[in-house]
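Here is a short tour to read alongside the sequence and the model. It begins with one loop residue, then moves out to other loops, the overall build, the cysteines and the cores.

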Amino acid sequence: MDKAINSWHHVTMDEIKSHAFGINHDKRTRLREMNVFVLDNSLRESTVAQTAGHTLHNKIEILDEIKKCGFDNLLVGAFGGMLEKDRRVDDAFCENLGDHLNRADMADAWNYAFTDISDNMTIVDKQATAMAYGEDNLPAGLQKCQKYGIDSAIIEIDIKFTKTVPMTEVIECLTFLLTWANANFKPLGKSKDRRRHMVNLRDLSVAMMVCPQRALDFVEAVAKLPKEIRPSGILFEESLGEYFGDEVANWTSAIRNVMDRNDWKSEFQRNAESCDGMLFYHVHEEYGLANATVLDALAAGADGMWCGLSEEGAPMGHACSAVALTNLYRLGNEYVKAKYNTKNLVNAARKVSIATTGKPVPSKQIVYGSAAEDVCFSFSSINHGKREDDVDYDGNGVVNDYDKFSIATTLIGMNDQPVRVSTLASSDMITTRLKQCFGDNTCFSDVRSQELLVEIKRRLMNNIKEEYMQIPQLGKLWNDVFPDDSLQWSNDD
């Protein structure tokens, strides 16, 4: 049943009895069958608002992880508004970008960098009223793109801030920048057809509250540019992290409809090698809504996302590709499975996170935290439990491998999924964990494991709080309960 249900009064008995009641099949079908473009922003986004930013070495480390995941469209930097007075690590990295890409065997990867649409605007009462452009007013970011040999520019504009600038002036400025970049950037490699400049609507979530028509008028004006000048696509941000998925979907479909009506349809969905008419989404985390809105945007017409591998970035993080691609994989998206090295997503996201923060990844981090791999329950009606073989969990009418999806076994390819020791673990789970930690041992049995569980609960009732997942803690518990059959382990375990 695909239609929305607002009240039980509108539901027929046949619908209630039907298979997979309430499932949004249209949305799941779109997410399963679409091509998904990842514009990787790990080199830039993950350092945003971090208390300790990226070093040059960090960026080189992160590039290696991007390579392992099969990403070949890379946002490599954002440059300040002054040519030499605002040098960043991005500058130092991009000065030798060719060497870094060659070392990582990514010479054929597409690379992009951010630039403002104008560094010289007339501002009245905190509102831009005019923007200067021309050979004498090239944005510093665009000049650095040329200097460092960047393939394509991401030209950023704030719709609300520039809403009083005449639209004709904005489009003339954009046209000049695109024309100049095409004429002055370094020649593309033989494997690349045309540049993939794009425009980022940096403040779309605010603009949709204040001046939505202006935002859509801008998209229409860009769509009407001659094809030889027009950018390859539109990026937009939900920079506040506070809007519901259906609201983000409304904005996405509105932008997509404007593009389609003006003959700027997504060629990427027709042919994944053709990158024109594309629409990408990016969202900051704030209230726990971010990751779900990515799927809503994709379902509503976006072609992909621009984001980092891990959630670091922005004040409270952002929706990352490790999580989005995992969701698309479990929904059965064969393009994601074939295009990206999904088995490397978890480990790569961890390494990007560690390179960025200098700290271990929290165990409960969704998808790539260590706890995401654990089997926690012996029953099937809860996540991290044992899935039943004959249940169509995704409601598509077919029971297949995707109904048995797990991050550990399906995505990563683990043969022996870690068992979590907790008071809700069954005795056979404890036995399995003992074998995982210490190997086969005739002393291990479900009966003895039950005694361990009794001891764990006894200790908790006596305010003794410990974890038993790791070898030393689990071994000590065993030795306390069964001193006559004590276990040995290395201090390095």
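Let us start with Pro-315, which is exposed, with a relative accessible area of 70%. As you follow along, please keep in mind that this is a predicted model. Pro-315 is found in the loop that runs between strand 10 (304–307) and helix 13 (321–330). From its C-alpha to that of Gly-358 the separation in space is 17 Å, with the two positions 43 residues apart in sequence.

**More loop residues**

A useful contrast is Glu-285, another loop residue, placed between strand 9 (278–283) and helix 12 (290–299). Is Glu-285 buried or exposed? Its relative accessibility is 18%, so Glu-285 counts as buried, the cut-off for that class being under 20%. Leaving out residues up to four places away in sequence, Glu-285 touches Ala-290, Met-316, Gly-317 and His-318. Gly-475 is elsewhere in the model: its C-alpha is 40 Å from that of Glu-285, and the two are 190 residues apart in sequence.

Leu-424 belongs to the loop between helix 16 (407–412) and helix 17 (427–438). This leucine counts as exposed because its relative accessibility is 53%, and exposed means over 50%. Which residues does Leu-424 contact, once neighbours within four places in sequence are set aside? They are Cys-376 and Phe-377. Between the C-alpha atoms of Leu-424 and Phe-185 there are 61 Å, and along the chain the pair is 239 residues apart.

Two further loop residues are worth a look for their backbone. Ala-49 is not a glycine, yet has a positive phi of about 65°. Asp-263, likewise not a glycine, has a positive phi of about 60°. Ala-49 sits in the loop between strand 1 (37–40) and helix 3 (56–68), while Asp-263 is placed in the loop between helix 10 (245–261) and helix 11 (267–270).

Here are the accessibilities of the loop residues met so far.

| Residue | Relative accessibility | Class |
|---|---|---|
| Pro-315 | 70% | exposed |
| Asp-263 | 62% | exposed |
| Ala-49 | 54% | exposed |
| Leu-424 | 53% | exposed |
| Glu-285 | 18% | buried |

**The overall build**

Stepping back, the protein's secondary structure comprises 19 helices and ten strands. Along the principal axes, its C-alpha atoms fill a box of roughly 85 × 60 × 45 Å. Of the 493 residues in the protein, 52% are buried. How do contacts span the sequence? Among those between residues at least 6 apart in sequence, 71% join residues at least 24 apart.

The accessible surface amounts to about 22,800 Å², and carbon and sulfur atoms account for 49% of that area. As for charge, there are 54 positive and 73 negative side chains. The centres of these two sets lie 1 Å apart.

**The cysteines**

How many disulfides does a search of the whole structure find? The count is zero. Cys-173 is in no disulfide, and the nearest cysteine sulfur, in Cys-145, is 15 Å away. Cys-173 is buried, at a relative accessible area of 0%.

Why is Cys-211 without a bonded partner? The closest cysteine sulfur, that of Cys-173, is 18 Å from the sulfur of Cys-211, which is too far for a bond. The cut-off for a disulfide is a pair of cysteine sulfur atoms within 2.5 Å. Cys-211 is buried too, with a relative accessible area of 10%.

**The nonpolar cores**

In soluble globular proteins, nonpolar side chains tend to be buried together. The largest nonpolar core here has 108 residues, and those touching the most other members are Phe-71, Ile-117, Leu-201, Phe-218 and Leu-325. Helix 7 (residues 167–184) supplies the largest share of this core, with nine residues. A separate core of 19 residues lies apart from it, with Met-429, Leu-434, Phe-444 and Ile-471 among them.

To see the surroundings of one core residue, try Phe-71. Not counting neighbours within four places in sequence, Phe-71 is in contact with Val-38, Asp-40, Ile-66, Met-106, Leu-309, Ser-321, Leu-325, Tyr-340 and Leu-345. One of these contacts, Leu-325, is also listed with Phe-71 among the core residues that touch the most other members.

Conventions. Residues numbered from 1 in each chain as written. Predicted model: local features only at pLDDT ≥ 70, side-chain atom pairs only at ≥ 80, totals over all residues. Heavy atoms only, no water. Helix = DSSP H or I, 4+ residues; strand = E, 2+ residues; numbered from the N terminus. Buried < 20%, exposed > 50% of the residue type's maximum accessible area, 1.4 Å probe, protein only. Contact = heavy atoms within 4.5 Å. Areas by Shrake-Rupley, 256 points an atom, 1.4 Å probe, with all protein chains shown as cover. Lys, Arg positive; Asp, Glu negative; His and termini not counted. Charge placed at Lys NZ, Arg CZ, Asp CG, Glu CD. Core = buried A, V, L, I, M, F, W, Y, C linked by side-chain atoms within 4.5 Å.
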